[in-house]
Amino acid sequence: MSSKISGQVSPQPCPHILDFRSRNGSKPFRALQDCIRVKPPGGGAAIRREPSEVPRCGTCEESSRPRLYACVACAAVFCHAPPLHSHASSHALSIPGHEIAVDVDRAELFCCACRDQVYDRDFDAAVVLAQTITATATTSTSGSTGMQCHIAGSQPENLRKRRRVDYRPWAPDSREHVIIGNHSIPLNDTTNASSISSTELPWGLRGLNNLGNTCFMNSVLQALLHTPPLRNYFLSDRHNRYYCQQKNGALNGTKNSRLCLACDMDAMFSAVFSGDRTPYSPAKFLYSWWQHAANLASYEQQDAHEFFISMLDGIHEKVEKDKRKSQSPGSGDCCIAHRVFSGILRSDVMCMACGFTSTTYDPCVDISLDLEPNQGGSGKSSSTKSHNSFNVEADFVGSSQTCGISTLKGCLERFTRAEKLGSDQKFFCQKCQVRQESLKQMSIRKLPLVSCFHIKRFEHSSIRKMSRKVDRYLQFPFSLDMAPYLSSSILRSRFGNRIFPFDADEQDASNELSSEFELFAVVTHSGRLDAGHYVTYLRLSNQWYKCDDAWITRVNENIVRAAQGYMMFYVQKMLYYKASEKQAASGYDVQR
């Protein structure tokens, strides 16, 4: 017999455990929490009154039987060794109400009368809470800084779950195929492809002139111009600037016309992929961005990550205003910026008193990661698609953290690690009906087509009133598997085979796209905090190129590995096309 819980099949409750619960409630299970011992390195749970205790059967005094069970009612330990004998079953049959026991080596409930495993949510919650607390204490022995996340319109106890909408890729219909065939111009004459020198740059790789401390903009634009889904979108005329401008009255110079960053991106794609090798000046795009972000309109050096978020917001706002009704940021009908970079984060806040878990989902367009410090520290943040950000103010660390090596995988592990929130961050537990101390764990519920990782190298201390740059070296892989950081993987490692009311589609959300990613762009920052320079490294046809404003040079991958990474762009492996330069030169069509 079985029943469904939140779309999942769960065993039919054992009549003996139902009778036990009706007479004793959940207090005996919660009392076992003090006896739960977590065994490293796998984190398996066991039942011991003392850590050094060796349990023995109360009847035969054997400690090496296949299974030893402790009676939940009287704490007596008995063995269960079918088909020879079962002292645990004999004990249960001799004393009514003593049918429920717990495996002392696995911390799993067992009905001695039914001779089968049984499940109880309160008991499983106590085991999981003990495992999580132990794991958090182990990884935080050197200290941990709390995370403060402020999202407009949400609270820690908010239990609302945002509906996931599948990304719907575009495929041309018969009419669009005809339009493409009649109005497309090949970027390069394939008949002359054989004459292309192997030393020439790939098609579409063009320098960008520095317009006055605009290396922050040029570095991000180079990454976006060669983001496969974004490039394919604009080169297939999915956003036609002439039609957009005519619709909004910009061609006629009406007062109500609005600047459109997507139109400027469309013009830039046309110019970059036109075949002209002379450096391009993105002055029109810079002016439009200044109109969108007036507070950043100056010739001073700006932060590349801040520009990236502001630019995506500008494209999103324009698309939203042009539609009759607002689309959800996670919707496949949303703007191209969010359809490419949008993912969904899952946040679980667990009450340390009762194990109740509050789960919220938030869309994000990138993930900000702290570099691994020499000792302790933890911080997490991500940029949301609804024009908000997780603003994390980590403790200002010492200068010793500027040396050493961090890894991107290590930063992601820290991001998805459970951490205890401070006493000043207690959340309201719906079950306890009071504010309790809690554990918080982040995970990735849905992967985007393109994952952008921002490394927090610039630290600002409001207490010391000073800022500085962290020069710690970061190792980042060219191929990255995101499976260990998905919600489905985190939940599986946390709960195992225990029965909980999970989201029925949690597994489906992580399996929509591959978890394997390929690195295709790295934005680096060199120099001081107030006088630095941004450079982008692009990976095209498995060859790396350095984009330093107007200068484009081919470099060895070791140069890229040694660079001081600030933003890393990874694309779904199935979208990363490792083609030869000849295939790349003849494979693009642009409609104009």
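A residue counts as buried here when its relative accessible area is under 20%. Keep that cut-off handy for the tour. One more thing before you click around: this is a predicted model.

**Stop 1: the whole chain**

Show everything as a cartoon. You are looking at 592 residues, and 51% of them count as buried. The ribbon comes to 17 helices and 31 strands. Now switch on a surface: the chain exposes about 27600 Å², with carbon and sulfur atoms supplying 50% of that area. What about contacts along the chain? Take the ones with a separation of 6 or more: 70% of them link residues 24 or more positions apart.

**Stop 2: residues 69-96**

Select residues 69-96 and give them their own colour. UniProt, in an unreviewed entry, lists this stretch as "domain: C2H2-type". Over these residues the chain is 29% helix and 36% strand. Put a distance label between the C-alpha atoms at the two ends of the stretch, and you should read 17 Å.

**Stop 3: Ala107, a backbone oddity**

Move along to Ala107, in the loop between strand S8 (100-103) and strand S9 (109-111). Most residues other than glycine have a negative phi. Ala107 goes the other way, with a positive phi near 55 degrees. Is Ala107 buried or exposed? Its relative accessibility is 0%, so Ala107 counts as buried.

**Stop 4: helix H6 against helix H9**

Next, select residues 215-225 (helix H6) and residues 261-272 (helix H9). Two packed helices are described by the angle between their axes and the distance between the axes. For H6 and H9, the angle is about 75 degrees and the axes are 11 Å apart. That makes H6 roughly perpendicular to H9.

Turn on side chains to see who meets whom. From H6 come Leu221, Leu224 and Leu225; from H9 come Met265, Met268, Phe269 and Val272. How do the residues of this contact of H6 with H9 divide? The split is seven nonpolar, no polar and no charged.

**Stop 5: helix H7, and H9 again**

Keep H9 on screen and add helix H7, residues 228-235. H7 is mostly covered, with seven of its eight residues buried. Which residues of H7 are buried? Pick out Pro228, Pro229, Leu230, Arg231, Tyr233, Phe234 and Leu235.

Now look at how H7 sits against H9: the angle is about 90 degrees, and the axes are 10 Å apart. That makes H7 roughly perpendicular to H9. On the H7 side, the contact is made by Leu230, Arg231, Phe234 and Leu235, and on the H9 side by Ala262, Met265, Asp266 and Phe269. The residues of this contact of H7 with H9 divide into six nonpolar, no polar and two charged.

Before you leave, step just past the end of H7 to Asp237, which takes a positive phi of about 65 degrees.

**Stop 6: His292**

Select His292, in helix H10 (residues 283-292). With 30% relative accessibility, His292 counts as partly exposed. Leave aside its neighbours within four places in sequence, and which residues is His292 in contact with? Show Ser310, Asp313, Gly314 and Glu317 to see them. Then try another distance label: His292 and Ile315 are 23 residues apart in sequence, yet their C-alpha atoms are 9.6 Å apart in space.

**Stop 7: helix H14**

Jump to residues 487-495, helix H14. Seven of the nine residues here are buried, so H14 is largely enclosed by the rest of the structure. The buried ones are Ser487, Ser488, Ser489, Ile490, Leu491, Arg494 and Phe495.

Zoom in on Ser488, which sits in H14. At 8% relative accessibility, Ser488 counts as buried. Add Lys446 to your selection: this residue is 42 residues from Ser488 along the chain, and the two C-alpha atoms are separated by 9.9 Å.

**Stop 8: Asp549**

Last selection: Asp549, in the loop between strand S28 (543-548) and strand S29 (551-555). Here is another positive phi in a residue other than glycine, this one near 55 degrees. Is Asp549 buried or exposed? Its relative accessibility is 8%, so Asp549 counts as buried.

Technical notes
Residues numbered from 1 in each chain as written. Predicted model: local features only at pLDDT ≥ 70, side-chain atom pairs only at ≥ 80, totals over all residues. Heavy atoms only, no water. Axes fitted to C-alpha atoms, helices over the stretch in contact; angles between N-to-C directions. Helix = DSSP H or I, 4+ residues; strand = E, 2+ residues; numbered from the N terminus. Parallel < 35°, antiparallel > 145°, perpendicular 65-115°, else oblique. Contact = heavy atoms within 4.5 Å. Nonpolar A, V, L, I, M, F, W, Y, C, P; charged D, E, K, R; others polar. Buried < 20%, exposed > 50% of the residue type's maximum accessible area, 1.4 Å probe, protein only. Areas by Shrake-Rupley, 256 points an atom, 1.4 Å probe, with all protein chains shown as cover. UniProt positions renumbered as here; feature names shortened; annotations may be inferred.
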